[in-house]
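Visitor: Could you take me on a close look at one part of this protein, the aromatic residues and whatever surrounds them? I would enjoy one connected account with the numbers kept in.

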Amino acid sequence: METTSAPIPPAEGMHLRRLRDLTEFEVADSSPDVRGWSVRGADGQKFGEVAELIVEEDALKVRYLDIELSSNLRLNKNERHILLPIGVAALDEEGDNVFVPALTMESVMEYPPYSEIQISRDYEEAMLRALKLPLPEAGSAAFYNQPSYDEQRFYQNRRPAELNAFRKRDQHGNIV
């Protein structure tokens with residue numbers, strides 16, 4: 001997997017970052033770190049692995065899962081990453097699997113690829129359309145206030161509802 005060390009560049013309204021780029025943040029003890037977990041579609045077939053978490057730093061919320069698609073799909077290496085809104089997936093109750101009932105192998109092949117460069121509102125809307133999910137009203141300040149971005153739907157019983165998925169540490173390693 002090719003990755004860059006530079007953070008996702010800012011753009012108008014851009015506030016999403018890869019968790020690995022935020023050195024003062026980490027996955028909270030109360031949340032499983034799903035990076036490296038298998039991603040399975042509606043038919044249970046594995047189509048990739050979680051490569052990274054895309055977070056909204058100010059809200060302390062995971063907004064997207066960066067999925068590296070399997071090389072078996074014979075996609076161009078520049079098209080092997082997709083982003084999934086956190087609320088469209090769910091954790092396996094017992095194993096290290098992420099289930100995405102809205103995706104099949106066929107729909108994955110038509111999903112808009114993620115290039116690790118920027119996440120524009122147009123791209124976010126394209127993802128929602130690919131998943132056949134409703135789009136929020138244009139210019140809505142509450143874009144992430146919809147079920148497809150609900151972390152609790154993802155974590156379900158694997159994390160208490162009142163806790164955040166990641167947390168900040170100060171320069172001395174203390175939780176802020």
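Guide: Happy to. Both Phe154 and Tyr155 are buried, and these two residues form an edge-to-face aromatic pair, with 4.9 Å from centre to centre and 80 degrees between the planes. Please keep in mind that this is a predicted model. A search of the whole structure finds 6 aromatic pairs.

Another of these pairs joins Tyr64 and Tyr149: the ring centres are 5.4 Å apart and the planes stand at 90 degrees, so this pair is edge-to-face. It links distant parts of the chain, since Tyr64 belongs to strand 5 while Tyr149 sits in the loop between helix 2 and helix 3, 85 residues apart. Tyr64 has 0% relative accessibility and therefore counts as buried. Tyr149 is buried as well, with a relative accessible area of 2%.

Now let us widen the view a little. Ring pairs connect Tyr64, Phe143, Tyr144 and Tyr149 into a cluster. Arg121 lies over the face of two of the rings in this cluster: that of Phe143, at 3.8 Å from the ring centre, and that of Tyr144, at 5.8 Å from the ring centre.

Tyr144 deserves a stop of its own. This residue is placed in the loop between helix 2 and helix 3, and because its relative accessibility is 10%, Tyr144 counts as buried. Leaving out residues up to four places away in sequence, Tyr144 touches His15, Leu16, Glu56, Arg63, Tyr64, Arg121, Glu124 and Tyr149. With one of these, Glu124, there is a polar contact between side chains, at 2.5 Å. Tyr144 and Pro85 are 59 residues apart in sequence, yet their C-alpha atoms are 9.5 Å apart in space.

Two more names on that contact list, Glu56 and Arg63, bring us to a second polar contact. The side chains of Glu56 and Arg63 meet at 2.7 Å. Glu56 is part of strand 4 and has a relative accessible area of 14%, so Glu56 is buried.

From here we can step across to the nonpolar core, with Phe154 as our link. Not counting residues up to four places away in sequence, Leu65 touches Phe154, along with Val34, Val50, Glu52, Leu53, Ile82, Leu83, Leu84, Ile86, Ala89 and Val98. The largest nonpolar core has 44 residues, and Leu65 and Val98 are the ones that touch the most other members. At least two residues of this core come from each of strand 2 (25-27), strand 4 (46-56), strand 5 (61-69), strand 6 (81-85), helix 1 (105-109), helix 2 (121-130) and helix 3 (151-155). In soluble globular proteins, nonpolar side chains tend to be buried together.

Finally, here is the setting for all of this. The protein has 3 helices and 9 strands, which follow the pattern β-β-β-β-β-β-β-β-α-α-α-β along the sequence. Of its 176 residues, 44% count as buried. Among contacts between residues at least 6 apart in sequence, 56% join residues at least 24 apart. The pair of Tyr64 and Tyr149, 85 residues apart, links distant parts of the chain. As for the outside, the protein exposes about 9,300 Å², with 46% of it supplied by carbon and sulfur atoms.

Technical notes: Residues are numbered from 1 along each chain as its sequence is written. This is a predicted model: local features need pLDDT of at least 70, side-chain atom pairs count only at pLDDT 80 or more; totals for chains, interfaces and linings use all residues. Side-chain values use heavy atoms; hydrogens and water are left out. A nonpolar core is a set of buried Ala, Val, Leu, Ile, Met, Phe, Trp, Tyr and Cys residues joined through side-chain atoms within 4.5 Å. Buried means under 20% relative accessible area, exposed over 50%, partly exposed in between (1.4 Å probe, protein chains only). Helices (H or I, at least four residues) and strands (E, at least two) are DSSP runs, numbered from the N terminus. Contact means heavy atoms within 4.5 Å. A polar contact is a pair of N or O atoms within 3.5 Å; within protein, one must be able to donate a hydrogen and the other to accept it, and residues adjacent in sequence count only if both atoms are side-chain atoms. Rings of Phe, Tyr and Trp (its six-membered ring) pair if their centres lie within 6.5 Å; planes under 30 degrees apart count as stacked, over 60 as edge-to-face and the rest as tilted. A charge sits over a ring if NZ of Lys or CZ of Arg is within 6 Å of the ring centre and within 35 degrees of the ring normal. Accessible areas come from the Shrake-Rupley method with a 1.4 Å probe; for residues, only the protein chains shown count as cover.
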